[in-house]
Amino acid sequence: MISDLSPKANGGETSVPSSGTSTPGGGPVPGAAAPYAIEVERIVKKFGDFTAVDDISFNVKEEEIFGLLGPNGAGKSTLIRMMTTLIPITAGKARIAGHDVAKEPDQARRMIGVIPQALTSDLDLTVEENLHIYAKLYDVPKKERERSIAELLELVDLAKWRHAQTKTLSGGMRRRLEIARGLVHHPRIFFLDEPTTGLDPVSRVAVWEMLGNIKSQRQLTILITTHYMDEADRLCERIAIVDHGKLVALDAPIALKASVPGSNVIEVQFENPPTDWEERLHNLDDVTSIQHEGAGMYRILTGNGSRTTTELVEIAVHAGVGVKSLSVQNTTLDDVFVHYTGRQLRDELQKAYAFVMPPRPGLQP
Ligand SMILES: Nc1ncnc2c1ncn2[C@@H]1O[C@H](COP(=O)(O)OP(=O)(O)OP(=O)(O)O)[C@@H](O)[C@H]1O
Ligand SMILES: [Mg+2]
């Protein structure tokens, strides 16, 4: 499933008829629900000569939490914009609850809630006013509006802030408001574009927990983009890794991790290792790959964590090389990303943020 990413190979799902379950005779069952909440088939987006999304196919099951994971510029937002009818598709197809977004955009729009990457609530309105405006926009009947907004404010833990002006909220609270706003019209499919980027770790966890709560209370399919591996691992039932506009892997987090050769990661820091040290580490049994992270630090993937740890310590003692620190962990989605792209996601993010971080005032020469 992972090695063959041709359109038919993503779980064989794209070969399923696009709308309606089949009868034994092969025809669609009248009124039957679409088999997938989201179907994306060989989708392409070009901006001039530049291909931002390059022939991507995947399907999202009803009530699944599906993650799109990738570094800055991978094409995640572009994919969401195409799926949610915000920009035209250059080639290929996307269907939302069986509705082709190019041919039936209004029907598709009625099914979805979208939280864009940028914060878009009106800062001068109160929390409750922001929700009311959206509820009116989506024609939620007045009686239902009051009930739905009260329920959502509880759900996102903002009930006691309902009369606060949005500009007084913290970043995490604003994100929670936007999530509530995206749900006021009871969508079936919820798109969230990086809902936790820029939040501190505590607020990030609050957003995850909130999404888990929402999911347990509503029948909702969720497609979420992120570049936080831990988040994708914890929240998502399946993850598509996107890089340079291409789908490079798609599976459940556990299966993605199992697909990487080696079952453990050893992070070890040696004191002044000799120049041929990496080569010597490679010669150890069970070691499948090594990354030298500088300052004597190595990240070693191994099929047998305990045996490799013993051998590492033995060769270090034998060579008179000190071991400053050592930790053994299970493989993570970071290792999956490195395996499929040859690069570290965190390096990619650092590179990207190096361009956008403004210089700190007072620190310039
Ligand atoms: N309107 C546009 N015109 C030209 N190029 C665009 C446009 N929108 C996006 N791109 C380019 O397409 C590529 C994918 O961008 P996109 O915003 O989808 O990435 P992303 O995965 O969402 O990244 P991030 O994590 O930074 O949000 C980038 O190289 C971006 O510069
Ligand atoms: Mg984006």
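In the predicted model, K45 has V53 of strand 2 as its bridge partner. This pair belongs to the antiparallel arrangement of strand 1 (residues 36–47) and strand 2 (residues 50–61), which are joined by eight bridges. Within strand 2, I56 is the residue that stands opposite I43. Two residues separate the strands of this hairpin, and one feature of the turn is the positive phi of G48, near 65°.

The hairpin is part of an open sheet of four strands, ordered 2-1-4-5 and paired in antiparallel fashion. Strand 2 and strand 5 (99–100) occupy the edges; each has a single partner strand, so one side of each is without a neighbour in the sheet. Helix 1 packs on this sheet, where strand 1, strand 2 and strand 4 (91–96) are touched by the helix. The direction of helix 1 makes an angle of about 120° with that of strand 1.

Two further residues of the edge strand were examined. D55 lies in strand 2 and has a positive phi of about 60°, although D55 is not a glycine. Most residues other than glycine have a negative phi. D55 counts as partly exposed because 17 other C-beta atoms lie within 10 Å, a number between the limits of 12 or fewer for exposed and 20 or more for buried residues. K61 is also found in strand 2. K61 is partly exposed because there are 16 C-beta neighbours inside 10 Å. When neighbours within four places in sequence are left aside, the contacts of K61 are with Y36 and A37; both of these residues fall in the range of strand 1, residues 36–47. The C-alpha atom of K61 is separated by 9.9 Å from that of R238, a residue 177 places away along the chain.

A positive phi of about 60° is also found at D139, again a residue that is not a glycine. D139 is placed in the loop between helix 3 (127–137) and helix 4 (142–155). With 8 other C-beta atoms within 10 Å, D139 is exposed.

The surroundings of ligand 1 comprise 13 residues, of which F47, A52, N72, S77 and T78 come nearest. Strand 2 and helix 1 (76–83) are the elements that give two or more residues to this shell. The largest share, three residues, comes from helix 1. By class, the shell around ligand 1 contains four nonpolar residues, eight polar residues and one charged residue.

Farther along the chain, helix 11 spans residues 333–341, and its buried residues are L333, D335, V336, F337, H339 and T341. Residues three or four places apart in an α-helix point the same way, because there are 3.6 residues a turn. Helix 11 is followed by G342, for which phi is positive and near 80°.

Over the protein chain as a whole, 12 helices and 14 strands are present. The chain has 365 residues, and 37% of them count as buried. Among contacts between residues at least 6 apart in sequence, 68% join residues that are at least 24 apart.

Key:
Residues are numbered from 1 along each chain as its sequence is written. Chains are lettered from A and ligands numbered from 1 in the order in which they are written. This is a predicted model: local features need pLDDT of at least 70, side-chain atom pairs count only at pLDDT 80 or more; totals for chains, interfaces and linings use all residues. Two strands pair if DSSP finds at least two bridges between them. A residue is near a molecule or strand if its C-beta atom, placed from the backbone, lies within 6 Å of it. Ala, Val, Leu, Ile, Met, Phe, Trp, Tyr, Cys and Pro count as nonpolar, Asp, Glu, Lys and Arg as charged, and the others, Gly among them, as polar. Two residues are in contact if their C-beta atoms, placed from the backbone, lie within 7 Å. Axes are lines fitted to C-alpha atoms, for helices over the stretch in contact, and angles run from 0 to 180 degrees between N-to-C directions.
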